[in-house]
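Me: I am new to this structure and should be grateful for a close look at a single part of it. Please describe the largest pocket and its lining, and then the parts of the chain that surround this account.

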Amino acid sequence: MSPTGAGREPEALRAPECLRLLGTRDVGRIAFTAGALPVLQPVSYLLSGQELLVPVDAGSELADAARAAVLALQVDDVDADGRTGWDVTVLGPSRLVHDPDQVARLDRWGVRPWFPATRHCYVMLRAATLSGRRLRTGPAPRPSTGTASVPIWA
């Protein structure tokens, strides 16, 4: 493979494929704002329809930041040696679920906070916009360059 990446073909992913790939993983990186600065951190999640359920410590910066904010979550799968793989980014509004009965109901799905939490709640992230791309060797199934952002909620 050349150092310029020749032989690797980018493919923009459509919303259904982005959702399918999101469903194959359970850990991603969430982006939010704390103290007017961007923060990225790993989180566990579960895809439910077009919402992501993200369990977090109820007293965390993320729980504070997720109250009616727009968040981003990125998930990927990469082959570092082959320099191929895919990534999907979700962008959308969030809400915090902290009612004990609702938290107990969501706990039945089996997803647990990535970082230990003495008391957790859920960030619900609606996938309003999905963008994704795949980089593979050989020709892509359809010609494309870069990433496509696809609004999926009207």
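Reply: The description below begins with the pocket and then turns to single residues and one helix.

The model is predicted. Its largest pocket has a volume of about 240 Å³. The lining of this pocket consists of 15 residues, and those nearest the centre are Gly85, Trp86, Asp87, Arg133 and Leu135. Four strands each contribute at least two lining residues: S1 (8-12), S6 (70-79), S7 (84-97) and S9 (129-137). Of the lining, S7 provides the largest share, with four residues.

The loop between S6 and S7 holds Arg83. Arg83 is not a glycine, yet its phi is positive, at about 55 degrees. Most residues other than glycine have a negative phi. Arg83 counts as exposed because its relative accessibility is 52%, and the cut-off for exposed is over 50%.

A positive phi is also found at Ala36, where the value is near 65 degrees. Ala36 lies in the loop between S2 and strand S3 (37-44), and with a relative accessible area of 71% it is exposed.

Strand S2 (residues 27-34) includes Val27. Together with Trp114 and Phe115, Val27 makes a nonpolar surface patch of about 300 Å². Val27 has 31% relative accessibility and therefore counts as partly exposed.

Helix H1 (residues 15-22) has as its buried residues Ala15, Cys18, Leu19, Leu21 and Leu22. These residues lie on the same side of H1, because the arc they cover around the axis is only 165 degrees.

Note on methods. Residues are numbered from 1 along each chain as its sequence is written. This is a predicted model: local features need pLDDT of at least 70, side-chain atom pairs count only at pLDDT 80 or more; totals for chains, interfaces and linings use all residues. Side-chain values use heavy atoms; hydrogens and water are left out. Buried means under 20% relative accessible area, exposed over 50%, partly exposed in between (1.4 Å probe, protein chains only). The arc is that of the directions from the helix axis to the C-beta atoms. Patches are made of residues with over 30% relative accessible area and no salt bridge: like charges are joined within 9 Å, nonpolar side chains (Val, Leu, Ile, Met, Phe, Trp, Tyr) within 5 Å. Accessible areas come from the Shrake-Rupley method with a 1.4 Å probe; for residues, only the protein chains shown count as cover. A salt bridge is a side-chain nitrogen of Lys or Arg within 4 Å of a carboxyl oxygen of Asp or Glu. On a 1 Å grid over the protein atoms alone, a cavity is a set of points where a 1.4 Å probe fits but cannot get out, and a pocket is an open set with protein on both sides within 12 Å along at least five of seven lines; lining residues have an atom within 4 Å of a point. Grid points are joined across faces, edges and corners, and a volume is the space filled by probe spheres set on the points.
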